[in-house]
Amino acid sequence: MQKRTLTYVLVLWLTTLASASGQVGEARSDLAVGGSAGVALNTIDFDPSIKQKLHAAPTFGLTLRYSCEKYFNTYCALQGEVNFTRLGWTEDIQNSAGQPLPDTYRRDLDYIQVPLLARLGWGRERRGVMFYVLAGPQIGFCIADRAKQGSTWTLTADGTPDRPNSLVEQYTMDIEKKFDYGIVGGLGVEWHTRIGHFMLEGRYYFGLADIYGNAKKDVFGRSAHTTIFAKLTYLTDILR
């Protein structure tokens with residue numbers, strides 16, 4: 001399933017990139033810039049697993065979009081972004097008997113993320129509504145790491161936190177791999193108005209890099225981000 005999703009994203013990205021370099025439809029050279037803001041709902045795909053709630057935090061940044069072609073009823077564009085996003089995880093803590101505990105633990109990981117997206121749209125190019133899909137690769141770098149632990153912290157007789165699988169190493173482990181990469185895809189709706197472009201969209205990010213080592217000697221075999229984004233974007237045309 002992961003390989004199939006990656007293949008779909010790669011095909012969409014390469015198809016739009018080919019359109020930008022060699023048009024076969026109606027050529028476009030439209031450039032728009034602006035910004036976006038929204039919320040990132042993140043979990044870490046740990047193996048062995050850690051029970052989590054959605055980690056909700058802000059995301060915002062700059063957007064540059066180059067519209068390159070209309071092919072039949074499809075509008076093709078390339079979109080690059082530089083975003084600040086707070087990722088991490090929020091644990092849903094239970095004891096060794098599976099009972100909920102009042103303990104709380106949240107880990108905030110601040111990233112600079114750079115997605116390079118292919119975008120295909122259908123609808124009104126001027127003064128109207130357009131629906132679109134986008135997908136492509138994304139890289140990121142962790143610039144800050146903070147832990148927030150609640151005042152209540154339930155311990156066993158030997159002084160370690162009481163957890164179902166006795167997995168507690170994550171509380172004291174620093175992030176080992178700050179460089180992140182993966183694939184992102186989404187869909188949205190855009191309103192073209194006299195004063196600019198307004199977009200509402202949802203995205204899903206599947207991380208391919210781990211935040212901790214994944215060798216046999218390491219604690220985790222996998223520790224990668226999975227993120228749902230909800231974003232609002234505003235763009236204004238600077239070249240049309």
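I will talk about the cavity in this structure and then about some of its salt bridges, and please keep in mind that the model is a predicted one.

Let me begin with the empty space. The structure holds one cavity of 30 Å³ or more, and its volume comes to about 170 Å³. Its lining is made up of 18 residues, and those that lie nearest the centre are D30, R65, S67, E125 and H192. If we sort the lining by class, we find nine charged residues, six nonpolar and three polar. The strands β1, β3 and β4 each supply at least two residues of that lining, with β1 giving the most, namely four.

D30 brings us to the salt bridges, of which the count is 15. The side chain of D30 meets that of R126 at 3.5 Å, N to O, and this pair links distant parts of the chain, since D30 is in strand β1 while R126 sits in the loop between β5 and β6, 96 residues apart. D30 counts as buried because its relative accessibility is 9%, whereas R126, at 33%, counts as partly exposed.

What of R119 and E190, whose side chains also meet in a salt bridge, at 2.7 Å, N to O? Here R119 belongs to strand β5 and E190 to strand β7, 71 residues apart. R119 is buried, with a relative accessible area of 4%, and E190 is buried as well, with 0%.

R106 and D108 form another salt bridge, at 2.8 Å, in which R106 is partly exposed at 23% and D108 is buried at 1%. Finally, E81, E201, R203 and K231 are linked in a network of salt bridges.

Conventions: Residues are numbered from 1 along each chain as its sequence is written. This is a predicted model: local features need pLDDT of at least 70, side-chain atom pairs count only at pLDDT 80 or more; totals for chains, interfaces and linings use all residues. Side-chain values use heavy atoms; hydrogens and water are left out. On a 1 Å grid over the protein atoms alone, a cavity is a set of points where a 1.4 Å probe fits but cannot get out, and a pocket is an open set with protein on both sides within 12 Å along at least five of seven lines; lining residues have an atom within 4 Å of a point. Grid points are joined across faces, edges and corners, and a volume is the space filled by probe spheres set on the points. Ala, Val, Leu, Ile, Met, Phe, Trp, Tyr, Cys and Pro count as nonpolar, Asp, Glu, Lys and Arg as charged, and the others, Gly among them, as polar. A salt bridge is a side-chain nitrogen of Lys or Arg within 4 Å of a carboxyl oxygen of Asp or Glu. Buried means under 20% relative accessible area, exposed over 50%, partly exposed in between (1.4 Å probe, protein chains only).
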